[in-house]
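Please read the following note with the sequence and the structure open beside you. The points are meant to be taken one at a time, and each residue named can be found in the display before you go on.

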Amino acid sequence: NRYTYSGILLQYGNKGGSFISMERFIGFAPQYPKGDDKIVSLRGDLVDLPYALQEAQNAVGIMGGKLLLGEEATEDNFKLMANGYKIIHIAAHARVDDDNPLYSSIFFTPNAEGDEDQSLEVFELFNMDLVADLIVLSACETGIGEVKQGEGMISLAWGAAYAGARSVLTSLWQVNDQSTSKIIEGFYTRLDKGMDKDQALREAKLAYMSEGEHLSSHPFYWWGFILV
């Protein structure tokens, strides 16, 4: 299945355009050093996501393109480089702001020398021009927020759609790091072979279930990702 947030976004939010002259893929896999006072004060005590790193490396291995890891995976570089790529992949931590969903965030690698705070909020996406065919938000709860009449669910995925993304792969809860890595790898494998995005996600989920044990086949591990 695939979804859209509202008729308004469907009509005006998609900037369209040709992707022929664009690079195919760029991925971001931040890291979160322990004991960094800036991280703890701004976002809580986050830990590295080992399977997210593996996921991003597998993705660029399948799709080709550019991958920014660790110290390179900053908000500054995201804003500088993301526009111009057909597929944008972010494997990171995210946080939902239940009180004000416009401040829900994706966290990049902290960088004291950068101009940004390395926390990309929904409202910042409004000022970006991300004319991408697909943005993959491989982080927890990037698709949930507050429901607004006429707009749908105000979330990080909603912000990416308003920034111009034709499609957004997003999550509905705190997804499992390991199962996410396997599903995303399966998704890109099928996408690279020419399968439509929604079908590629469906087939990747089915493959994950068929290969897993009884517990790991529970919907918690695979149903959380949807395509908007």
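1. Why does arginine 202 count as partly exposed? The model is a predicted one, and in it arginine 202 has a relative accessibility of 44%; because partly exposed is the class between the limits of 20% and 50%, arginine 202 belongs there.

2. Arginine 202 is part of helix 8, which covers residues 197-211, and its side chain meets that of glutamate 203 in a salt bridge with an N to O distance of 3.5 Å. Glutamate 203 also counts as partly exposed, at 24% relative accessibility. When you look for what lies around the helix, note that the C-alpha atom of arginine 202 is 9.6 Å from that of isoleucine 183, a residue 19 positions away along the chain.

3. The salt bridges come to 6 by the rule applied here, and one of them pairs arginine 24 with aspartate 192, with the closest N and O atoms 2.9 Å apart. Arginine 24 sits in strand 1 (residues 23-29) and aspartate 192 in helix 7 (residues 177-192), so this pair ties together parts of the chain that are 168 residues apart in sequence. Arginine 24 is partly exposed, with a relative accessible area of 34%, and for aspartate 192, also partly exposed, the value is 34%.

4. Another salt bridge is formed by the side chains of glutamate 116 and lysine 79, at 3.2 Å from N to O. Glutamate 116 belongs to the loop between strand 5 and strand 6, while lysine 79 belongs to helix 4 (residues 75-81), so the pair links parts 37 residues apart in sequence. Glutamate 116 is partly exposed with a relative accessible area of 24%, and lysine 79 counts as partly exposed at 28%. Through shared partners, salt bridges join Glu75, Lys79, Glu116 and Glu124 into one network.

5. Two residues deserve a check of their backbone angles. Most residues other than glycine have a negative phi. Glutamine 118, however, has a positive phi near 65 degrees; this residue lies in the loop between strand 5 (105-107) and strand 6 (119-121), and at 0% relative accessibility it counts as buried. Glutamate 141, which is not a glycine either, has a positive phi of about 60 degrees and is found in the loop between strand 7 and strand 8 (146-148).

6. Which residues line the cavities of the structure? A search of the whole structure finds 2 cavities of 30 Å³ or more, and the largest has a volume of about 40 Å³. Its lining includes Phe78, Ile90, Ile106 and Leu120, together with Leu125, Leu130, Ile135, Leu137, Leu156 and Ala160, and by class it holds 10 nonpolar residues, with no polar and no charged ones. Strand 7 (134-138) and helix 6 (156-162) each contribute at least two residues to this lining. The second largest cavity, of about 30 Å³, is lined by Ala29, Pro30, Tyr32, Leu49, Ala52, Leu53, Ala91 and Ala92, which divide into 8 nonpolar, no polar and no charged residues.

7. On the surface, Tyr103, Phe123 and Phe126 make a nonpolar patch of about 270 Å². Phenylalanine 123 lies in helix 5 (residues 122-125) and counts as partly exposed because its relative accessibility is 32%, a value that can be set beside the requirement of over 30% for residues of a patch.

Conventions: Residues are numbered from 1 along each chain as its sequence is written. This is a predicted model: local features need pLDDT of at least 70, side-chain atom pairs count only at pLDDT 80 or more; totals for chains, interfaces and linings use all residues. Side-chain values use heavy atoms; hydrogens and water are left out. Patches are made of residues with over 30% relative accessible area and no salt bridge: like charges are joined within 9 Å, nonpolar side chains (Val, Leu, Ile, Met, Phe, Trp, Tyr) within 5 Å. Accessible areas come from the Shrake-Rupley method with a 1.4 Å probe; for residues, only the protein chains shown count as cover. A salt bridge is a side-chain nitrogen of Lys or Arg within 4 Å of a carboxyl oxygen of Asp or Glu. Helices (H or I, at least four residues) and strands (E, at least two) are DSSP runs, numbered from the N terminus. Buried means under 20% relative accessible area, exposed over 50%, partly exposed in between (1.4 Å probe, protein chains only). On a 1 Å grid over the protein atoms alone, a cavity is a set of points where a 1.4 Å probe fits but cannot get out, and a pocket is an open set with protein on both sides within 12 Å along at least five of seven lines; lining residues have an atom within 4 Å of a point. Grid points are joined across faces, edges and corners, and a volume is the space filled by probe spheres set on the points. Ala, Val, Leu, Ile, Met, Phe, Trp, Tyr, Cys and Pro count as nonpolar, Asp, Glu, Lys and Arg as charged, and the others, Gly among them, as polar.
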